[in-house]
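Work through the exercises below with the coordinates open. Each task is followed by a solution in steps.

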Amino acid sequence: MMAPLTLPADDGTGLNARLSAAIRYGWLVLRRHRIILFVTLALSLLAGAIVILTSTPDYRATASVEVEDVPAGAAGAPAAQRAGAANDTESLMQTELEVLRSRALAEEVSRSLALVGTPTFFKGMDRERPTQGVGTLSQRQVEQDMVVRLLRENLEVQLPGKSRVLRISFVSADPVLSARIANSYADSLIRADLKRGFESGVQARRFLLGELDGARNDLSRAERDLAVYAARNGAALPSEEKEGENDKRAKAPAKPALPDGSVATRLAQLNGYRAQAVADRIAAQKRWESARQSSADTLPEVLGNGAMQQIIAERAQARAVIAEERQFRKDAHPEMREARARLVALDEQADSMANSIRASLREQYNVAKRGEDQIAKEIAQLEQLAQAEQGRDVQVGIMERSVDTYRMLHDSLLQRYRDMASQAGFQAGRIQPLDRAAVPTKPFSPRIGRILLLASLGGMALGLLLVAARHMFDDAVTSADTLAERVGLPLLGAVPVTGDNPQPPEIFTPIASSLLLASADGLPRSILVTSAQEGEGKSLTLHALALALAGLGKSVLVIDGDMRRPAQHRLFRLSPARGISEVLTGQALAQDVIVPTGVTGVALLPCGTLPPNPSELLSTPALDGLLASVRDGYDTVLIDAPPLLGTGEALLLAAKAQSSLLVVEWGRNHHGGLRAAVERLRRSGGAIIGAILTKQQGRAVDYDYHRGG
């Protein structure tokens with residue numbers, strides 16, 4: 001339960017252990033393939049030396065120029081403009097770099113130095129001069145294209161940091177030629193810049209001249225339109241005294257012109273008259289409405305009339321007389337009739353006068369209304385005249401401002417054209433010379449130190465790649481290290497190539513001695529000897545190992561368990577008729593078929609008759625009884641088993657044996673075959689004590705004392 005406290009330390013220790021193991025493993029791989037690494041490094045250095053010896057020395061000459069934002073001495077370019085153009089510095093420098101790399105500038109350099117037709121140039125560039133045309137191109141055209149291509153390929157342009165300095169370098173085999181071409185590139189760039197500036201100035205003047213002609217025509221047309229409009233509409237043209245105020249009026253916001261003269265005065269008067277006429281019409285209308293709806297006796301006009309008052313008084317007096325006479329006389333009396341006739345006459349006279357007064361009031365109302373209508377009509381006419389006059393003034397003002405605008409534009413363009421004309425031919429270019437290219441005294445290439453360093457690094461990298469490839473793709477077992485790397489087995493020993501004949505026992509004496517210490521009980525009681533593939537020498541190894549153990553005083557029983565291709569009876573030069581096949585089928589007893597080999601301490605249980613299906617025979621319980629019956633009679637039993645790959649008999653025998661011994665042929669097992677065989681053997685339950693490397697070529701044992709065993 002204390003694991004959480006110790007996990008970090010354990011993880012760190014495990015990581016360090018894995019790292020140390022990986023470093024040791026890598027060092028062993030490099031040490032094993034060191035010859036590949038050394039040979040690759042030596043070949044790379046040799047190739048670098050050959051390159052140095054065969055390379056033509058090249059010389060580099062460098063000229064420099066300075067690029068300004070605004071041409072030096074440019075008139076009309078204030079300091080604020082020069083400072084504001086700093087944001088475009090990067091794009092400006094990139095543009096000049098592309099100009100330097102352009103084909104047009106290379107052609108200009110070729111023309112200025114007369115490089116076409118000059119053998120010195122091709123000699124300095126270490127190239128053959130064209131002697132004939134190609135296709136439709138003549139010899140001179142081909143030579144021109146080649147010169148331009150060589151100029152562009154060997155030109156080097158640098159922009160140090162964020163400066164405004166361009167470094168123009170040229171590389172060739174002739175130092176004088178390099179300096180000439182570098183200086184020519186700088187001069188051509190300066191000339192091209194001046195030419196562009198001059199051409200741009202000419203184009204600008206042409207453009208301004210065209211704009212000036214257009215402005216002059218627009219000004220003439222505007223003045224002509226103003227004069228024609230004023231003549232047709234009777235408008236007044238601006239006086240000469242006001243010409244100085246045109247700029248102010250052009251800048252001021254437009255305001256509608258007020259009407260002046262008799263129209264404005266008359267309109268003001270009529271507006272006053274219309275107000276009075278409206279008041280008179282309203283008063284007359286009220287009097288007429290009152291007279292029309294009221295009695296004549298109650299009208300103020302009637303009451304205020306003297307004649308009407310006299311008639312009313314007389315009528316009252318006549319009524320009084322009639323009333324008085326009626327007390328004494330009847331209505332038929334002549335005086336009564338005369339009094340009534342006089343009253344009727346007075347009433348008629350009063351009604352006639354009242355009607356006259358009403359008619360007078362109506363006529364006053366009609367006169368007042370007609371006066372109001374007449375004044376309104378005259379006001380409407382004057383307003384139309386005032387609007388027309390105001391429209392003419394506004395149109396004249398608009399046309400005057402157009403004339404002023406065109407005049408200002410014309411004067412501005414004219415002044416600008418005069419300034420540019422005065423500056424023509426006196427403006428400096430953007431590019432100024434800084435340093436001239438000097439003739440180099442030392443070659444630029446080949447750089448011996450750099451080439452050798454690159455060759456060394458390249459050789460080292462290539463060697464490491466080859467070692468890694470060899471280690472990754474070559475999984476053949478050739479030593480104890482590779483055996484441990486591939487399948488994790490210890491190497492008990494290695495034996496050289498001896499052909500198909502029995503091997504000398506003295507070679508296997510050390511291996512036999514190591515078998516005595518293979519387990520805690522010493523020599524295993526039964527050892528299975530097999531291999532991954534057939535033909536690796538397992539039968540020869542078992543035969544020699546049996547003889548070596550016998551030489552150490554051990555009694556050994558050899559069982560030939562390879563029932564498909566038995567070989568032990570041939571190696572012992574015996575020809576028995578019966579063997580393990582008869583024992584397993586119950587046809588014979590083990591002690592009856594075991595034969596002496598003629599070697600003290602070694603007996604043989606041969607294969608006997610070859611069975612049709614060895615796997616079924618070996619999977620019977622009879623095999624356990626056989627091994628149990630012979631185990632106590634010998635110090636060890638060596639079982640010659642078939643190969644692991646392709647058959648299953650070896651796995652059946654391995655499950656019965658105490659230990660297994662794997663025979664591996666030197667440099668034969670590839671592509672994981674050995675690893676698959678060992679995994680099958682381990683899954684069957686066999687305890688593998690080690691491997692023996694057979695048919696070894698070269699040194700007998702690849703052993704490193706400092707490797708730790």
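The exercises use a predicted model and go from helices to side-chain pairs.

**Exercise 1. Helix α5**

Task: Find which residues of helix α5 are buried, and describe how they are arranged around the axis.

Solution.
- Step 1. Helix α5 covers residues 103-113. Its buried residues are Leu105, Ala106, Val109, Ser110 and Leu113.
- Step 2. Viewed along the axis of α5, the buried residues occupy an arc of 145°, so they line one face of the helix.
- Step 3. Ala104 and Arg111 are exposed and sit on the face of α5 turned away from the buried side.
- Step 4. The cover over the buried residues of α5 includes α4 (89-101), α7 (139-153) and α8 (175-233).

**Exercise 2. An aromatic pair**

Task: Classify the geometry of the pair Phe121 and Phe122, and decide whether each residue is buried or exposed.

Solution.
- Step 1. A pair of aromatic rings is described by the distance of the centres and the angle of the planes.
- Step 2. The model has one aromatic pair. In this pair, the ring centres of Phe121 and Phe122 are 5.6 Å apart, and the planes are at 80°.
- Step 3. Planes over 60 degrees apart count as edge-to-face, and the pair of Phe121 and Phe122 is edge-to-face.
- Step 4. The cut-off for buried is under 20% relative accessible area. Phe121 has 1% relative accessibility, so Phe121 is buried. Phe122 has 1% relative accessibility and therefore counts as buried.

**Exercise 3. A nonpolar patch**

Task: Which residues make the nonpolar surface patch of about 490 Å²?

Solution.
- Step 1. The patch is made by Ile35, Val39, Leu43, Leu46 and Ile50.
- Step 2. Leu43 lies in helix α2, residues 34-54.
- Step 3. Exposed means over 50% relative accessible area. The value for Leu43 is 52%, so Leu43 is exposed.

**Exercise 4. Surroundings of Ser660**

Task: Locate Ser660 and list what it touches beyond four places in sequence.

Solution.
- Step 1. Ser660 is part of strand β11, residues 659-665.
- Step 2. Ser660 is buried because its relative accessibility is 0%.
- Step 3. Leaving out residues up to four places away in sequence, Ser660 touches Leu528, Ala654, Leu681, Gly686, Ala687, Ile688, Ile689 and Gly690.

**Exercise 5. Salt bridges**

Task: How many salt bridges are counted, and where do the partners Asp213 and Arg216 lie?

Solution.
- Step 1. Side chains of opposite charge can pair when their charged atoms come close. The count is 21 salt bridges.
- Step 2. Asp213 and Arg216 form one of them, at 2.9 Å from N to O. Both residues are in helix α8, three residues apart, about one turn of the helix.
- Step 3. Asp213 is partly exposed at 33% relative accessibility, and Arg216 is partly exposed at 34%.
- Step 4. Asp632 pairs with Arg525, with 4.0 Å between the closest N and O atoms. This salt bridge links distant parts of the chain, 107 residues apart: Asp632 is in the loop between α22 and β10, Arg525 in the loop between α16 and β6.
- Step 5. Arg564 and Glu649 form another salt bridge, with closest N and O atoms 2.6 Å apart. Arg564 lies in the loop between β7 and α18, and Glu649 in helix α23, 85 residues apart.
- Step 6. Arg564 is partly exposed at 43% relative accessibility, whereas Glu649 is buried at 1%.
- Step 7. Arg103, Glu107 and Asp145 are joined into one network by salt bridges that share partners.

Definitions and conventions
Residues numbered from 1 in each chain as written. Predicted model: local features only at pLDDT ≥ 70, side-chain atom pairs only at ≥ 80, totals over all residues. Heavy atoms only, no water. Phe/Tyr/Trp six-rings, centres within 6.5 Å; stacked < 30°, edge-to-face > 60°. Buried < 20%, exposed > 50% of the residue type's maximum accessible area, 1.4 Å probe, protein only. Patch = residues over 30% accessible without salt bridge, like charges linked within 9 Å, V, L, I, M, F, W, Y side chains within 5 Å. Areas by Shrake-Rupley, 256 points an atom, 1.4 Å probe, with all protein chains shown as cover. Salt bridge = Lys/Arg side-chain N within 4 Å of Asp/Glu carboxyl O. Helix = DSSP H or I, 4+ residues; strand = E, 2+ residues; numbered from the N terminus. Arc of directions from axis to C-beta. Contact = heavy atoms within 4.5 Å.
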